[in-house]
Amino acid sequence: MNTKLTTKGMHLTDEELLQVARKIGRLSRYCKRIKDESSVIRVEADKRETQKERDQIKVTVSVKLPGKLLRA
(Lines give C-alpha, C1' and ligand atoms only; values in the text may rest on other atoms or scores of the structure.)
Protein backbone atom coordinates (compact mmCIF):
# COMPACT_ATOMS: atom_id res chain seq x y z
CA MET A 1 0.00 0.00 0.00
CA ASN A 2 1.45 3.35 -1.05
CA THR A 3 0.07 6.39 0.76
CA LYS A 4 0.53 10.01 -0.35
CA LEU A 5 -0.57 12.98 1.76
CA THR A 6 -0.82 16.50 0.38
CA THR A 7 -1.97 19.61 2.20
CA LYS A 8 -2.90 23.03 0.86
CA GLY A 9 -2.93 26.11 3.07
CA MET A 10 -2.18 24.23 6.29
CA HIS A 11 0.45 22.22 8.13
CA LEU A 12 -0.21 19.01 10.05
CA THR A 13 1.58 18.18 13.30
CA ASP A 14 3.19 14.80 13.92
CA GLU A 15 0.26 13.75 16.10
CA GLU A 16 -2.22 14.63 13.35
CA LEU A 17 -0.17 12.69 10.78
CA LEU A 18 -0.26 9.61 13.02
CA GLN A 19 -4.01 9.95 13.38
CA VAL A 20 -4.44 10.14 9.59
CA ALA A 21 -2.21 7.06 9.16
CA ARG A 22 -4.28 5.09 11.71
CA LYS A 23 -7.55 6.02 10.01
CA ILE A 24 -6.24 5.10 6.56
CA GLY A 25 -4.89 1.80 7.90
CA ARG A 26 -8.39 0.86 9.01
CA LEU A 27 -9.52 0.77 5.38
CA SER A 28 -7.81 -2.60 4.96
CA ARG A 29 -10.64 -4.18 7.01
CA TYR A 30 -13.07 -3.55 4.21
CA CYS A 31 -10.95 -4.47 1.21
CA LYS A 32 -8.05 -6.92 1.29
CA ARG A 33 -6.69 -5.62 -2.03
CA ILE A 34 -5.73 -2.32 -0.35
CA LYS A 35 -2.69 -4.04 1.17
CA ASP A 36 -1.30 -4.89 -2.30
CA GLU A 37 1.74 -3.02 -3.57
CA SER A 38 -0.22 -1.98 -6.66
CA SER A 39 -2.76 0.02 -4.63
CA VAL A 40 -2.25 3.76 -4.05
CA ILE A 41 -4.05 5.83 -1.42
CA ARG A 42 -4.03 9.60 -1.88
CA VAL A 43 -5.18 11.91 0.91
CA GLU A 44 -5.67 15.62 0.23
CA ALA A 45 -6.41 18.14 2.98
CA ASP A 46 -7.39 21.65 1.94
CA LYS A 47 -8.11 24.61 4.23
CA ARG A 48 -10.51 27.20 2.89
CA GLU A 49 -12.24 30.27 4.28
CA THR A 50 -15.90 29.70 5.12
CA GLN A 51 -18.41 31.31 7.43
CA LYS A 52 -18.68 28.21 9.61
CA GLU A 53 -15.45 27.22 11.34
CA ARG A 54 -16.25 23.50 11.22
CA ASP A 55 -16.45 23.58 7.40
CA GLN A 56 -12.99 25.08 6.87
CA ILE A 57 -11.09 21.84 6.24
CA LYS A 58 -11.94 19.60 3.30
CA VAL A 59 -10.38 16.11 3.15
CA THR A 60 -10.50 13.95 0.02
CA VAL A 61 -9.42 10.29 0.01
CA SER A 62 -8.78 8.50 -3.29
CA VAL A 63 -7.98 4.78 -3.35
CA LYS A 64 -6.62 3.44 -6.64
CA LEU A 65 -6.92 -0.33 -6.84
CA PRO A 66 -6.17 -2.57 -9.82
CA GLY A 67 -9.13 -1.91 -12.10
CA LYS A 68 -11.02 0.38 -9.68
CA LEU A 69 -10.93 3.90 -8.24
CA LEU A 70 -12.70 4.74 -4.98
CA ARG A 71 -13.20 8.31 -3.74
CA ALA A 72 -14.63 9.79 -0.57
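## Ser39 and its surroundings

In this predicted model, Ser39 makes contacts that reach well beyond its own stretch of chain: once the neighbours within four places in sequence are set aside, its partners are Met1, Asn2, Arg33, Ile34, Lys64 and Leu65. The residue itself is found in the loop between α1 and β2, and its relative accessible area is 0%. Ser39 is therefore classed as buried, since that class takes in residues under 20% relative accessible area.

## Overall architecture

The secondary structure consists of one helix and four strands, and these elements follow one another along the sequence in the pattern β-α-β-β-β. The helix α1 covers residues 14-25 and strand β2 covers residues 40-47, while strand β3 runs over residues 57-65. Taken along the principal axes, the box filled by the C-alpha atoms of the protein is roughly 40 × 25 × 20 Å.

Of the 72 residues in the protein, 18% are buried, and the accessible surface comes to about 6,000 Å², with 50% of that area belonging to carbon and sulfur atoms. When contacts between residues at least 6 apart in sequence are considered, 47% of them join residues at least 24 apart.

## The end of β2 and the loop that follows

Lys47 lies in strand β2 and, with a relative accessibility of 39%, counts as partly exposed. Leaving aside neighbours within four places in sequence, Lys47 is in contact with Lys8, Gly9, Met10 and Gln56. The C-alpha atoms of Lys47 and Ile57 are 4.5 Å apart in space, although the two residues are ten residues apart in sequence.

Gln56, one of the contact partners of Lys47, lies in the loop between β2 and β3 and counts as buried at 17% relative accessibility. Beyond its neighbours within four places in sequence, Gln56 is in contact with Asp46, Lys47, Arg48, Glu49 and Thr50. Glu49, which is among these partners, also lies in the loop between β2 and β3, yet Glu49 is exposed, with a relative accessible area of 70%. The loop thus holds both a buried residue, Gln56, and an exposed one, Glu49.

## Separations across the model

Two further C-alpha distances help to place these loop residues relative to other parts of the chain. Glu49 and Met1, which are 48 residues apart in sequence, are separated by 33 Å from C-alpha to C-alpha. Glu15, found in helix α1, has its C-alpha atom 20 Å from that of Gln56, with the two positions 41 residues apart along the chain counted as their separation. Glu15 is exposed, with a relative accessible area of 65%, whereas Gln56 is buried.

## Charge and its distribution

The protein carries 18 positive and 10 negative side chains, and the centres of these two sets lie 9 Å apart. On the surface, Arg22, Lys23, Arg26 and Arg29 gather in a patch of positive charge. One member of this patch, Arg29, lies in the loop between α1 and β2, the loop in which Ser39 is also found. Arg29 is exposed, with a relative accessible area of 56%, and so it passes the cut-off of over 30% that membership of a patch requires.

Side chains of opposite charge can pair when their charged atoms come close. The structure holds one salt bridge, and Arg42 forms a salt bridge with Glu44, with the closest N and O atoms 2.4 Å apart. Because a salt bridge is counted when such atoms lie within 4 Å, this separation of 2.4 Å meets the criterion. Both partners are partly exposed, Arg42 with a relative accessible area of 45% and Glu44 with a relative accessible area of 22%.

Methods
Residues are numbered from 1 along each chain as its sequence is written. This is a predicted model: local features need pLDDT of at least 70, side-chain atom pairs count only at pLDDT 80 or more; totals for chains, interfaces and linings use all residues. Side-chain values use heavy atoms; hydrogens and water are left out. Patches are made of residues with over 30% relative accessible area and no salt bridge: like charges are joined within 9 Å, nonpolar side chains (Val, Leu, Ile, Met, Phe, Trp, Tyr) within 5 Å. Accessible areas come from the Shrake-Rupley method with a 1.4 Å probe; for residues, only the protein chains shown count as cover. A salt bridge is a side-chain nitrogen of Lys or Arg within 4 Å of a carboxyl oxygen of Asp or Glu. Lys and Arg count as positive and Asp and Glu as negative; His and the chain ends are not counted. The place of a charge is taken as NZ of Lys, CZ of Arg, CG of Asp or CD of Glu. Helices (H or I, at least four residues) and strands (E, at least two) are DSSP runs, numbered from the N terminus. Buried means under 20% relative accessible area, exposed over 50%, partly exposed in between (1.4 Å probe, protein chains only). Contact means heavy atoms within 4.5 Å.
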